[in-house]
Amino acid sequence: TQKQEIAKRYIDGDSVVEITVDNFMKIMEAIYENPDLFKDKKIKIIGRTFKAEEIKKGYIGIGLWKIYCCAIDMTLVGYPVKDDGKMEEGKWYELEGKIQIEDNEPYIEYIDAKQIEEPKETQI
């Protein structure tokens, strides 16, 4: 399928899944639709941390801003990270982790993160 082709493109061999502003949504769709293909793969992402209703306790979201029609409906879209309180909400991080699955839902297992200044490109 096309999604499996996308998955193969980003995780060829042992390569790290590097998420950028340009590929953010494509990779996110591929991971959510084929979590097994991405399990145990390393992932690198730059994003802003956030809390949301759909993110379980013990996790924090990391993502970028997505505008649906206008600035008023701008929202953070991203991945849950199991971080045990290592990252502070509302800050920008360069995160390295590993994709894992719990209850059929992919999440990023925290490996390392460093706090960074807000990047120029923050919208997808």
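Me: Which residue of β6 stands opposite Glu96?
Reply: Asp112 of β6 stands opposite Glu96. Strand here means a DSSP run of E with at least two residues, and helix a run of H or I with at least four, both numbered from the N terminus. This is a predicted model, where local features need pLDDT of at least 70 and side-chain atom pairs count only at pLDDT 80 or more, while totals for chains, interfaces and linings use all residues. Residues are numbered from 1 along each chain as its sequence is written, and side-chain values use heavy atoms, with hydrogens and water left out.

Me: What makes β5 and β6 a pair of strands?
Reply: Bridges do. Two strands pair if DSSP finds at least two bridges between them. Eleven join β5 to β6, and the strands run antiparallel. Ile101 stands opposite Pro106 in β6. The two strands form a hairpin with two residues between them. Asp103, in the turn, has a positive phi of about 55 degrees.

Me: How many bridges join β4 to β6, and do they run parallel or antiparallel?
Reply: Two bridges join them, and the strands run parallel. The cut-off is at least two, so β4 and β6 count as paired. Val81 stands opposite Ile108 in β6.

Me: What about β2 and β5: in which sense do they pair?
Reply: Antiparallel, over seven bridges. Arg48 has Trp92 in β5 as its bridge partner.

Me: Why is the contact between Glu96 and Lys42 called a salt bridge?
Reply: The term needs a side-chain nitrogen of Lys or Arg within 4 Å of a carboxyl oxygen of Asp or Glu. Here the closest N and O atoms are 3.6 Å apart, so the pair qualifies. Glu96 lies in strand β5 and Lys42 in strand β2, so the salt bridge ties together parts 54 residues apart in sequence.

Me: Why is Glu96 called partly exposed?
Reply: Buried means under 20% relative accessible area, exposed means over 50%, and partly exposed is in between (1.4 Å probe, protein chains only). Glu96 comes out at 24%, so it counts as partly exposed. Lys42, at 37%, is partly exposed too.

Me: How do you know that Lys82 and Glu102 form a salt bridge?
Reply: Their closest N and O atoms are 3.5 Å apart. That satisfies the distance limit, so the term applies. Lys82 is in strand β4 and Glu102 in strand β5, so this salt bridge ties together parts 20 residues apart in sequence. At 31%, Lys82 is partly exposed. Glu102 is partly exposed at 26%. Both belong to a salt-bridge network with Lys56 and Asp103. The structure holds seven salt bridges.

Me: What makes Tyr32 and Tyr79 a stacked aromatic pair?
Reply: There are three aromatic pairs in the structure. Their centres are 6.4 Å apart and their planes 25 degrees apart in the case of Tyr32 and Tyr79. Rings of Phe, Tyr and Trp (its six-membered ring) pair if their centres lie within 6.5 Å; planes under 30 degrees apart count as stacked, over 60 as edge-to-face and the rest as tilted. So Tyr32 and Tyr79 meet both limits and count as stacked. Phe24 joins these two in one aromatic cluster.

Me: Why is Tyr79 called buried or exposed?
Reply: Tyr79 has a relative accessible area of 3%, so it is buried. Its partner Tyr32, at 31%, counts as partly exposed.

Me: What makes Tyr59 and Tyr107 an edge-to-face pair?
Reply: Their centres are 5.4 Å apart, and the planes meet at 85 degrees. Both values fit the definition, so edge-to-face it is. Tyr59 lies in strand β3 and Tyr107 in strand β6, so the pair ties together parts 48 residues apart in sequence. Both rings belong to buried residues.

Me: What makes up the largest nonpolar core?
Reply: A nonpolar core is a set of buried Ala, Val, Leu, Ile, Met, Phe, Trp, Tyr and Cys residues joined through side-chain atoms within 4.5 Å. The largest one has 30 residues. Those with the most contacts inside it include Phe24, Ile45, Tyr79 and Leu95. Among the elements that each supply at least two residues are α2, β2 and β5. Leu95 is in contact (heavy atoms within 4.5 Å) with residues including Ile45, Val81, Met87 and Ile108, its neighbours within four places in sequence left aside.

Me: Why is Glu53 called buried or exposed?
Reply: Its relative accessible area is 83%, so Glu53 is exposed. Glu53 is found in the loop between β2 and β3.
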